[in-house]
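Visitor: I would like to see how the labels on a model follow from its numbers. Could you take me through them?

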Amino acid sequence: MKYLITVIFLFICTVSIAQDKIDIIIVKKSERILYAVKDDKIIKKYDIAIGQNPEGHKLKEGDKKTPEGYYFIDGKNPKSKFFLSLHMSYPNFHDKKVAEKNNLNPGSHIAIHGLPSLSILSQYLYNGSDWTDGCIALNNSDMKELWDMSDEGIQILIKP
């Protein structure tokens, strides 16, 4: 019995270490890769899809671009129309100032999320091509893993 309790304890400790929260999410748009980072070490690397107009920084609502810059997770939505959703703090102060200067609406509702809930449609949308309106998309199993490692307030760096 004592041996069984020790084994269970070690298993729980191992699972809890594996579920450590990350410090930052780094996205490299040109590589279509998202890195989950803790203590300056890449914990996990994920293939992603981004906005349908992938080149350059998001400037206005409807341009189908994924933003570039520093953001943070400002909300987690388990009931998103996509499989889970980590909402990003886009537009940040700089984005708002640039949009204001150019008399544009910078848009909003940029997130990291999984696939749409329609499973048949999901199979065709997520085929390695960019299909979002500016969000960052992962397959659902990767999204669940990232969701479990992420808390509100985590920084996001999106690079070209």
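**From values to labels**

Guide: Gladly, and let us begin with one bridge: Ala-36 has Lys-44 in strand 3 as its bridge partner. Please keep in mind that this is a predicted model.

Visitor: What makes strand 2 and strand 3 a pair?

Guide: Two strands count as paired if there are at least two bridges between them. Six bridges join strand 2 (residues 33-38) to strand 3, so the condition is met. The two strands run antiparallel, and another of the bridges links Tyr-35 to Lys-45. Their hairpin has two residues between the strands, and there Asp-39 takes a positive phi near 50°.

Visitor: Why are strand 3 and strand 7 called edge strands?

Guide: The open sheet has eight strands in the order 3-2-1-8-4-5-6-7, with mixed pairing. Strand 3 (41-47) and strand 7 (136-137) each pair on one side only, so they are the edge strands.

Visitor: Which helix lies across strand 3, and at what angle does it run?

Guide: That is helix 4 (residues 140-149), running at about 150° to strand 3. Helix 4 also lies across other strands, including strand 1 (24-28) and strand 4 (69-77).

Visitor: Why is the pair of Phe-82 and Trp-131 called tilted?

Guide: The structure holds two aromatic pairs. In the one formed by Phe-82 and Trp-131, the rings are 6.0 Å apart centre to centre, with 45° between the planes. Ring centres must lie within 6.5 Å to pair, and 6.0 Å satisfies that. Planes under 30 degrees apart would be stacked and over 60 edge-to-face, so 45° leaves tilted.

Visitor: What does this pair tie together?

Guide: Phe-82 lies in the loop between strand 4 and strand 5, and Trp-131 in the loop between helix 3 (119-125) and strand 7, so the pair ties together parts that are 49 residues apart in sequence.

Visitor: How do you know whether Trp-131 is buried or exposed?

Guide: Its relative accessible area is 11%. Buried means under 20%, so Trp-131 is buried. Of the 160 residues of the protein chain, 41% count as buried.

Visitor: What puts the charged end of Lys-76 over the ring of Trp-147?

Guide: The charged end of Lys-76 is 4.5 Å from the ring centre of Trp-147. The distance limit is 6 Å, and there is also a limit of 35 degrees from the ring normal. The distance clears its limit, and the charged end is listed as sitting over the ring.

Terms used. Residues are numbered from 1 along each chain as its sequence is written. This is a predicted model: local features need pLDDT of at least 70, side-chain atom pairs count only at pLDDT 80 or more; totals for chains, interfaces and linings use all residues. Side-chain values use heavy atoms; hydrogens and water are left out. Helices (H or I, at least four residues) and strands (E, at least two) are DSSP runs, numbered from the N terminus. Contact means heavy atoms within 4.5 Å. Axes are lines fitted to C-alpha atoms, for helices over the stretch in contact, and angles run from 0 to 180 degrees between N-to-C directions. Buried means under 20% relative accessible area, exposed over 50%, partly exposed in between (1.4 Å probe, protein chains only).
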